[in-house]
Each structure stands twice: as structure tokens, then as C-alpha cells.
Amino acid sequence: MGRAFEFRKARKMKRWSAMSKAFTRIGKDIVMAVKEGGPDPASNSRLRAVIQNAKAVNMPKDNVERAIKKASDKGQGDYKEVLFEGYAQHGIAVLIETATDNNTRTVANVRSYFNKCDGSLGTSGSVVFMFDHTCNFKIKGDTLDLEELELELIDYGVEEIFEDTDEDADGNELTSIMIYAPFESFGNIQSYLESHNIEIISSGFERIPQVTKTLTADQVKDVEKLIEKLEEDDDVQNVYHTMEESAE
């Protein structure tokens with residue numbers, strides 16, 4: 001298996017860990033999607049993707065509809081996507097994706113987290129080159145042939161495709177298929193899956209570190225202090241780093 005498989009394996013139990021945080025993130029994604037392409041999912045592919053993600057984390061339909069209506073209001077402010085880069089202790093590169101309606105506040109908060117955890121906030125371009133910007137799709141795979149699908153999607157830029165397993169609320173194992181490709185391939189792959197009536201469970205973007213660094217248990221704790229502070233901030237959407245992660 002490739003890097004995307006290992007990355008997914010290590011992170012899938014950690015992402016969206018707090019339901020309230022997941023809802024907050026999706027609420028912002030809805031606002032940005034509506035501002036960009038309008039409130040109709042039929043003509044707004046980005047909004048369709050966000051609604052799929054909302055379903056994947058069991059966000060109530062009423063919440064989604066309220067968020068779309070609120071985002072359509074002319075008085076609703078917009079969120080700007082801002083990327084922050086820096087270093088945690090022990091030479092670990094950290095990349096932070098934020099969605100903010102007050103950049104001054106977000107900059108001050110992110111800088112304070114780095115300072116409190118003996119890290120350093122870097123300049124634009126200082127660490128982003130260490131990560132591959134990818135898109136991903138989680139699809140229902142009950143009736144699909146993995147090898148045939150991979151052959152079909154090679155021309156669409158797909159670099160990695162593999163089976164993934166999760167458990168439902170009753171502990172039953174659910175099998176799906178994960179697809180990884182470069183960031184710019186998102187639209188073409190989404191169109192292919194929709195036109196072939198392949199159900200998309202969720203989709204999104206991730207930044208996969210090209211090289212990771214193994215730390216001691218004590219060093220891991222140092223880095224995790226910073227990551228936790230960042231992930232608790234309401235403006236932060238995702239945090240990526242070059243520390244080797246365990247799937248345990």
C-alpha cells in the first residue's frame with residue numbers, strides 16, 4: 001500500500017473526533033460553498049460535496065438546511081481560507097488550514113499557540129512544500145470491482161485506491177473504497193462518480209507529508225500539546241504535521 005493508505009490508517013480515528021467541532025467545520029464549509037456557487041446543490045458541486053460530508057458525520061438535515069439558508073442571507077459574512085505554516089518542537093513541520101471571518105484574531109491565536117509550546121510560526125512557503133495536496137473520495141463499494149474501477153480512474157489522475165473499513169453504531173463492519181488523487185483532480189473525479197451513479201459517502205482534501213519523523217514518547221507529547229491547542233481553536237479546520245503517527 002502507498003502513503004495515502006498509511007496516512008488514512010493513522011488519522012481516520014483522530015479526525016472529526018469531536019462531533020460539535022465537526023459540525024462547526026461543516027457549517028463554515030457550507031457558508032463558503034454557498035457564497036462561491038449559490039444555495040442549489042444541483043448546480044453547486046462544492047455544496048453537494050459538503051452535504052455528503054454532513055451526512056457522513058450524522059449532521060441533522062435541519063442543521064444543514066438552516067446553514068444553507070443562513071449562508072444565503074446577504075448579511076452573513078464570509079469566511080476566508082488562510083494557511084499557516086510553522087515548526088513545533090523537535091523539528092516537526094506543521095501546516096494549519098483555517099477558515100476565518102477575522103484574520104487578525106486568527107493570526108494572534110495561532111502565533112500564541114506556537115509561542116506557548118516553544119514552536120515558531122513561519123512565513124508563507126516555509127513548510128507547505130513538504131506536503132502533497134490531495135483530494136479524496138470515500139465511496140460505497142459493495143457492487144464495484146476495485147481493479148476495474150482503478151483502471152477506469154487512472155486517466156482522471158487517481159494515484160491510490162483501496163478498501164477501507166469502519167464500524168457502525170452497532171459494531172458492524174462497513175467496507176467502503178477510498179480514492180486519492182492530486183488536489184486539482186477533484187472536479188473530474190467527482191463528475192465521473194456522479195455520472196456513473198456511484199454513491200459518494202464523503203469527500204475532501206488532505207495534505208500528506210512527503211517524509212515523516214519518528215520521535216520518542218516524551219517528544220511526541222511536546223508536539224501533541226501544540227496540535228491539541230490548534231485543533232481546539234474554532235477557526236482551525238485541519239492540522240497536518242510531519243511527525244510519524246501510529247494507527248494504534
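Four phenylalanines, Phe137, Phe183, Phe186 and Phe205, come together as one aromatic cluster in this predicted model. Across the structure, the count of aromatic pairs comes to seven. Take Phe183 and Phe205: their ring centres sit 5.0 Å apart with the planes at 50°, so this pair is tilted. Phe183 belongs to the loop between β6 (173-182) and α7, while Phe205 is part of strand β7, so the pair ties together parts that are 22 residues apart in sequence. How accessible is Phe183, in relative terms? Its relative accessible area is 37%, so Phe183 counts as partly exposed. Phe205 is partly exposed too, at 31% relative accessibility.

Now for the sheet. Four strands make up an open sheet in the order β3-β1-β2-β8, with antiparallel pairing. At its edges are β3 (120-121) and β8 (236-241), each of which pairs on one side only. Between β2 (residues 93-100) and β8 there are five bridges, and the two strands run antiparallel. One residue to look at here is Val94, whose bridge partner in β8 is His241.

Val94 also turns up in the largest nonpolar core, which has 19 residues. Val94 is listed there among the residues with the most contacts inside the core, along with Ile96, Val223, Leu226, Leu230, Val239 and Met243. Which elements each supply at least two residues of this core? They are β1 (80-87), β2, α5 (103-116), α8 and β8. Helix α8 gives the most, with five residues.

Helix α8 (residues 217-232) is also where you'll find Lys225. Is Lys225 buried or exposed? With a relative accessibility of 51%, and the cut-off for exposed being over 50%, Lys225 counts as exposed. As for where Lys225 sits relative to Thr100, the two are 125 residues apart along the chain, and their C-alpha atoms are separated by 22 Å.

Glu160 is a charged residue worth a closer look. Glu160 lies in strand β5 (residues 160-167) and is buried, yet it has no salt bridge. The nearest side chain of opposite charge is that of Arg3, 6.9 Å away, whereas a salt bridge requires the charged atoms to be within 4 Å. What does the side chain of Glu160 reach at 2.9 Å? That would be the backbone nitrogen of Phe5. A polar atom of the Glu160 side chain also lies 3.1 Å from the backbone nitrogen of Gly2.

Finally, the backbone has a couple of spots to check. Most residues other than glycine have a negative phi. Asn58 has a positive phi, and so does Asn197. Here are the two side by side.

| Residue | Phi | Loop | Relative accessible area |
|---|---|---|---|
| Asn58 | near 60° | between α3 (45-56) and α4 (61-72) | 61% |
| Asn197 | near 55° | between α7 (186-195) and β7 (200-209) | 71% |

Asn58 is exposed, and Asn197 counts as exposed as well. Both are found in loops: Asn58 in the one between α3 and α4, Asn197 in the one between α7 and β7.

Notes:
Residues numbered from 1 in each chain as written. Predicted model: local features only at pLDDT ≥ 70, side-chain atom pairs only at ≥ 80, totals over all residues. Heavy atoms only, no water. Buried < 20%, exposed > 50% of the residue type's maximum accessible area, 1.4 Å probe, protein only. Lys, Arg positive; Asp, Glu negative; His and termini not counted. Polar contact = N/O pair within 3.5 Å; in protein donor to acceptor, adjacent residues only side chain to side chain. Phe/Tyr/Trp six-rings, centres within 6.5 Å; stacked < 30°, edge-to-face > 60°. Pairing = 2+ DSSP bridges. Core = buried A, V, L, I, M, F, W, Y, C linked by side-chain atoms within 4.5 Å.
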